[in-house]
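This report describes a single protein chain with a bound ligand, beginning with one helix and its surroundings and then turning to the ligand and a few individual residues.

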Amino acid sequence: MSNDASNSQRLNQSETGQALRTSPSPSTSSSTGGLYVPPHLRNAGGNSGASSSPGSPGGGNHRSPSGAFQKGGDRRGGRGGGFGGNPHGGPGAGGPRGPRNSHAGGPHSDGWRAGRHGGYGGASASSRASPDPTSPDGMAAPAAGNAYTPAPRCPEREKALFGDIQPSGINFEQYKEIPVEISGSNPPEPIESFKESPLHDLLQENIILSGYTVPTPVQRYSIPITLDNRDLMACAQTGSGKTGGFLFPIISQLMKSNAPRRAGGRSRNPSALILTPTRELAIQIHKEAEKFTYRSHISSIVIYGGGGNMQDQMLKLRSGADIIVATPGRLTDMIKRDLISLTDIQFLVLDEADRMLDMGFEDDINAIVKSSNMPPPGVRRTLLFSATFPELIQRLAQEFLHDYIFLTVGTIGAASHNVDQTIVSVSDNDKLTFLQDLMDNFQKRRESEGGLMLVFVETKRSANLLDTLLSKAGFETTSIHGDRDQSEREIALEMFRSHKTPFLIATAVAARGLDIPNVTFVVNYDMPKEIDEYIHRIGRTGRAGHRGRAMTFFSARDAPVAPALVNRLQLAGQEVPEFLLAMTRDAGRTHRRGPAPVRPSFASQDFRENMQSSGAAATPGAGGARGNNRGSDHMLMMNNAAPTPYSSFTSNRGHSLPSAWD
Ligand SMILES: Nc1ncnc2c1ncn2[C@@H]1O[C@H](COP(=O)(O)OP(=O)(O)OP(=O)(O)O)[C@@H](O)[C@H]1O
């Protein structure tokens, strides 16, 4: 059985599921199967309710799909290589690590690191300097462990960093019902609360200032895993706190270990490198890092391409930083110019990891991670995070990881349960008028309810065109896409974020990671060609326990992605419109006569399990050779329950696992 099939079976047949699935809103349960009626046909033939609200388009004739499935290809090509020439030598198969569960200070027991910094958390008080006047916060001097003298509080800076705190949504509590699965050897216990966790005291203070009271599920697990010096591949739904999931343990470790950098004597070598696919996401993560490092000696800088910020970034790099958040292209450039050395990297994070390992970034990522002087897997910690992890990408990731834990919160690649999804059949000719109707309605409701609307299109040209047409029609819109220069992109985002222009037209640059409070409605003016892109786009709403709505205009051209979309709607317990089911059936019939449709590259689990059950090595020459698969355990646990060995669930797998989506 394919992964897709087993997944939907797992969800459909679940008897013990939690009540997390939100029933479709009245607006999503159109008895007309989600068909769109253009304005000029409305009110004809008694079809009075058509499109009276954004969520309730109705009426119209069924349009039959056209177009055959496209054939996909294996994008791997000549990968491989390894770490030859790396000054740090090979990773060693299962080399020594610090003791398990030694969270407080988490001694990094490989000799490579110990020789440089005297080990984590072990620096003597005498090696620490007093507050550094060059720090924006005034620098604090860490002593061993948590004994730390933070810089004094600064009301202005606090306001700038924490002034915009958004309360979490009413569904935040439900995150803890989401089932968590872990595979990999000896996973540590999850933390129950921030307070009782081994996170550094100052970080905990900053977490409180950020308004976080309890860790989200991905944070509960990722924090101890990272503090335990393990590599991690973590998959959790959009908007569920993955950023904190990697930032917290890294910052905590650096607070405990890194000596403050002194004026004039700063190292150019960062300790943590966080790579992201877009500049806006890099900026956002950097701002989060600034928040959580407040009053500490830990500094972060952001490096990204475009615009005239090169000089500024070079200057900052020369002053040194502990954490670098970067987009791959500009970072590669900086490395080539010898402005940065990765020799001391302790933590490498690929946020939106599946995108980072995808074709577009392949060369840059390889250049950074493999060809530079970065410590190899097993020496550095590598953390991969995303809401989607296709199996092919899991395989590619092997060469970056060492003996890693695979963590799944919910179902890999599933949409956030906080998003109500509606799919409407709209022909290309009718899209604009339909969108204007939606925006009209949204505008009216905004006066009482507030909210922002994000509209995704496929091309930069469409984004420009739509932005122009809609603003001519009187809507306050702005746009973000790759043809706008960086300052325009940042201004557009700020205008949207501050509600000055409540409508943002965007291409894929805004699809991943962006956390903009109060985005209540996402519209896919064009259905993306890849289903994972769909999951990320609609994930710009329904974040941190808030509810959100997403509507997708689906035309005959989108037929190839219909089966995958049906699968994801079913996974999330959403209504599947009849026209979409018909398209999927048609696709099946076409398939029997013609070429095979592209299977969505869906992984429902840690791919190492598939390999184990088929008796194959995880990855020839890479993870397998490094002994990545040492006695893999598999745990399935409700987020608030004690770990249970996976084997006791084996007979149920794919049938009655409790699921948040049921
Ligand atoms: N423990 C917490 N308590 C309350 N709010 C939180 C907590 N952790 C994160 N948040 C908030 O949740 C929102 C989403 O977090 P984040 O951006 O890290 O999600 P994500 O999982 O990385 O999403 P995406 O998949 O889109 O990248 C943010 O506004 C963040 O401030």
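How many residues does helix α14 have, and how far does α14 reach from its first C-alpha to its last? Helix α14, which covers residues 460-472, has 13 residues and reaches 18 Å between those two atoms, close to the 18 Å expected at 1.5 Å a residue, where the expected span of a helix is 1.5 Å times one less than its number of residues. Helices (H or I, at least four residues) and strands (E, at least two) are DSSP runs, numbered from the N terminus.

The model is predicted: local features need pLDDT of at least 70 and side-chain atom pairs count only at pLDDT 80 or more, while totals for chains, interfaces and linings use all residues. Residues are numbered from 1 along each chain as its sequence is written.

**Helix α14 and its cover**

The buried residues of α14 are Ala-463, Leu-466, Asp-467 and Leu-470. Seen down the axis of α14, these buried residues fall within an arc of 105 degrees, so they line one face of the helix; the arc is that of the directions from the helix axis to the C-beta atoms. As background, an α-helix has 3.6 residues a turn, so residues three or four places apart point the same way. A residue is called buried if 20 or more other C-beta atoms lie within 10 Å of its own, exposed if 12 or fewer, and partly exposed in between, with C-beta atoms placed from the backbone. The face of α14 turned away from the buried side carries the exposed residues Arg-461 and Lys-472, and just after the helix Gly-474 takes a positive phi of about 100 degrees.

The cover over the buried residues of α14 includes strands β13 and β14 (503-506). Ser-479 lies in β13, which spans residues 477-480. Why does Ser-479 count as buried? Ser-479 is buried because 29 other C-beta atoms lie within 10 Å. Leaving aside residues up to four places away in sequence, Ser-479 touches Ala-463, Asn-464, Asp-467, Ala-492, Leu-504, Ile-505 and Ala-506, a contact being a pair of residues whose C-beta atoms, placed from the backbone, lie within 7 Å. The C-alpha atoms of Ser-479 and Val-455 are separated by 9.2 Å, with their positions 24 residues apart along the chain.

**The ligand shell**

Which residues are the closest to the ligand? The ligand is surrounded by 19 residues, of which the closest are Tyr-212, Gly-241, Lys-242, Thr-243 and Ala-544; a residue is near a molecule or strand if its C-beta atom, placed from the backbone, lies within 6 Å of it. Helix α6 (residues 242-257) gives the largest share of this shell, 3 residues. By type, the shell divides into 5 nonpolar, 11 polar and 3 charged residues, where Ala, Val, Leu, Ile, Met, Phe, Trp, Tyr, Cys and Pro count as nonpolar, Asp, Glu, Lys and Arg as charged, and the others, Gly among them, as polar.

**Individual residues elsewhere**

Two residues other than glycine have a positive phi, Glu-352 near 50 degrees and Asn-518 near 70 degrees. The table sets these beside further residues, with place and burial.

| Residue | Place | C-beta neighbours within 10 Å | Class |
|---|---|---|---|
| Glu-352 | loop between β8 (347-351) and α10 (353-356) | 24 | buried |
| Asn-518 | loop between β14 and β15 (519-524) | 16 | partly exposed |
| Gln-486 | helix α15 (residues 486-497) | 16 | partly exposed |
| Val-379 | loop between α11 (362-371) and β9 (381-386) | 24 | buried |

Gln-486 and Asn-309 are 177 residues apart in sequence, and their C-alpha atoms are 9.3 Å apart in space. Val-379 and Ile-345 are 34 residues apart in sequence, with a C-alpha to C-alpha distance of 9.1 Å.

**The chain as a whole**

The chain contains 19 helices and 17 strands, and buried residues make up 52% of its 662 residues. Of the contacts with a separation of 6 or more, 78% are accounted for by residues 24 or more positions apart.

An unreviewed UniProt entry lists residues 192-220 as "short sequence motif: Q motif", and UniProt also places the feature "domain: DEAD-box RNA helicase Q" (unreviewed entry) at residues 192-220. UniProt positions are given in the numbering used here, feature names are shortened, and annotations may be inferred rather than shown by experiment. Over residues 192-220 the model is 45% helix and 0% strand, and the end C-alpha atoms lie 7 Å apart.

Terms used: Contact = placed C-beta atoms within 7 Å.
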